[in-house]
Every structure is written in structure tokens, then in C-alpha cells.
Amino acid sequence: EVSFAIKVSAHTTGDRVWMRRLKDLLGGRADVARRLIVEITETVALKDLDLSAEFVREVKALGASVALDDFGAGYTSFKSLRRLGVEEVKIDGSYIKDLIENPDNQVFVRALLGLAQGLKLRTVAECVETEAEANWLRAEGIDLFQGYFFGRPDTKPSWHRGPDEKAA
């Protein structure tokens with residue numbers, strides 16, 4: 001049940017050739033599509049809201065989901081967040097760093113979580129680096145975590161290594 005995410009550029013959201021290729025790759029592969037998360041950054045999504053919303057609809061129609069990356073870095077309004085139709089928001093890591101020591105970041109993360117939870121969106125905290133941050137976020141109701149506290153990038157992850165192989 002491993003899912004995988006790909007982050008796309010602003011250019012990709014309007015690239016019909018890319019979308020056709022994605023449709024070709026996922027066509028008839030619901031088992032793969034349901035595990036795919038396509039990420040678009042908040043800044044990209046807001047640049048052309050109509051184009052971004054159409055991109056999200058097309059990806060979702062294939063059975064994949066869409067995440068809004070770097071949530072909180074831009075100026076997403078309640079209206080535009082609803083209009084985009086994403087299923088997941090990834091809270092910008094700049095608000096997670098120093099979360100425990102910075103009351104302003106705590107207020108902001110709570111506000112972002114409240115908005116996302118009110119819209120029934122899955123929430124992800126980026127850049128979680130300490131147990132204290134993970135515990136605070138868990139207590140606030142975050143759904144998923146991403147960051148060095150849980151693992152560093154690895155060219156051959158543990159679930160893909162043989163019993164005698166070590167991390168690179």
C-alpha cells in the first residue's frame with residue numbers, strides 16, 4: 001500500500017501533452033492511480049486558479065489524488081481552496097521549523113490545520129525534524145508527517161534492501 005508523489009511545475013499544469021501521457025500511463029490501472037499523489041505548489045495553483053482547478057479535476061478523474069504543497073506560503077483563500085478541489089494540503093516547512101520555540105508558528109499552524117480540517121482535507125506537515133515537533137503536531141490532529149525525523153532520503157530504502165544490505 002505504498003503511495004508515491006510527484007511534484008509538477010507550473011508549466012506542467014497547462015501541458016496537454018503531459019496530461020495525455022499521464023492518462024495513457026494510468027488508463028486501466030486503477031491500482032496504480034489510487035496510489036499516486038500529484039503535488040502542485042500553492043503559488044503555482046494560485047497563479048491561474050481556473051487552469052489549476054481544471055488540472056486537479058483531470059488528475060482526480062484518473063483516480064489519483066492531488067496535494068497542495070507549501071500550504072501557507074502563499075495567500076490561499078477559503079474560496080480558492082474549495083475551488084481547487086485538492087484532497088490534501090502539505091503545510092509549508094517554514095512553519096514547522098522552530099515550531100516548539102516559536103509561538104507565532106504554532107498559531108499559524110493551528111489556523112492552517114483548522115482550515116484544512118474544516119474542509120475535510122488530509123494534512124501533512126513538512127520538515128518534521130524532532131520528536132517534540134511530531135508530538136505537538138500529533139496532538140493538534142495532523143494526519144501525516146514528512147521529514148528527517150522519520151528518515152533521510154535514501155537511494156535504496158530499507159523496504160527495498162535485502163537483509164544483508166545497509167543504507168547508503
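## Briefing: salt bridges, central strands and a buried glutamate

K60 is partly exposed, with a relative accessible area of 35%. This value, like every other one in this briefing, was computed from a predicted model. The topics below move from the charged pairs, of which K60 is a member, to strand 2, whose 6 residues are buried, then to the largest nonpolar core, which has 37 residues, and finally to E126, a buried residue without a salt bridge.

**Salt bridges**

- The structure holds 10 salt bridges, and the one that involves K60 pairs its side chain with that of E87, at 3.8 Å from N to O.
- E87 sits in the loop between helix 6 (78-84) and strand 4 (88-91), while K60 belongs to helix 5 (residues 49-61), so this salt bridge ties together parts of the chain that are 27 residues apart in sequence.
- Like K60, which has a relative accessible area of 35%, E87 counts as partly exposed, its own value being 23%.
- Another salt bridge joins E140 to R110, with the closest N and O atoms 3.2 Å apart.
- This pair also links distant parts of the chain, since E140 lies in helix 8 and R110 in helix 7 (residues 103-118), 30 residues apart.
- E140 is partly exposed at a relative accessible area of 26%, and R110 is partly exposed as well, at 37%.
- R16, K23 and E58 are joined into one network by salt bridges that share partners.
- R29 and D31 form a further salt bridge, in which the closest N and O atoms are 3.1 Å apart; R29 is partly exposed at 39% relative accessibility, and D31 is partly exposed at 37%.

**Strand 2 and its partners**

- Strand 2 covers residues 36-41 and is mostly covered itself, with 6 of its 6 residues buried.
- In a regular strand, the side chains alternate between the two faces of the sheet.
- From strand 2, L36, V38 and I40 point one way, whereas I37, E39 and T41 point the other way, and all of them are buried.
- Strand 1 (residues 4-7) pairs with strand 2 in the parallel sense over 4 bridges, and within this pairing K7 has E39 as its bridge partner in strand 2.
- Strand 2 also runs parallel to strand 3 (residues 65-71), to which 5 bridges join it, and here I40 stands opposite L68.

**The largest nonpolar core**

- The largest nonpolar core is made up of 37 residues, and L68, V109 and L137 are those with the most contacts inside it.
- L68 is thus a link between two topics, as this core residue is also the strand 3 residue that stands opposite I40.
- When neighbours within four places in sequence are left aside, V109 is in contact with I91, Y95, I96, L99, W136 and L137.

**E126, a buried charged residue**

- E126 is found in the loop between strand 5 (122-125) and helix 8 (131-140).
- Although E126 is buried, it has no salt bridge, and the nearest side chain of opposite charge, that of K90, is 4.1 Å away.
- A polar atom of the E126 side chain lies 3.2 Å from the backbone nitrogen of G93.
- Neighbours within four places in sequence aside, E126 is in contact with D69, D70, K90, I91, D92, G93, I96 and Q146.
- I91 and I96, which are among the contacts of E126, are also listed among those of V109.

Key
Residues are numbered from 1 along each chain as its sequence is written. This is a predicted model: local features need pLDDT of at least 70, side-chain atom pairs count only at pLDDT 80 or more; totals for chains, interfaces and linings use all residues. Side-chain values use heavy atoms; hydrogens and water are left out. A nonpolar core is a set of buried Ala, Val, Leu, Ile, Met, Phe, Trp, Tyr and Cys residues joined through side-chain atoms within 4.5 Å. Buried means under 20% relative accessible area, exposed over 50%, partly exposed in between (1.4 Å probe, protein chains only). Contact means heavy atoms within 4.5 Å. Two strands pair if DSSP finds at least two bridges between them. Lys and Arg count as positive and Asp and Glu as negative; His and the chain ends are not counted. A salt bridge is a side-chain nitrogen of Lys or Arg within 4 Å of a carboxyl oxygen of Asp or Glu. A polar contact is a pair of N or O atoms within 3.5 Å; within protein, one must be able to donate a hydrogen and the other to accept it, and residues adjacent in sequence count only if both atoms are side-chain atoms.
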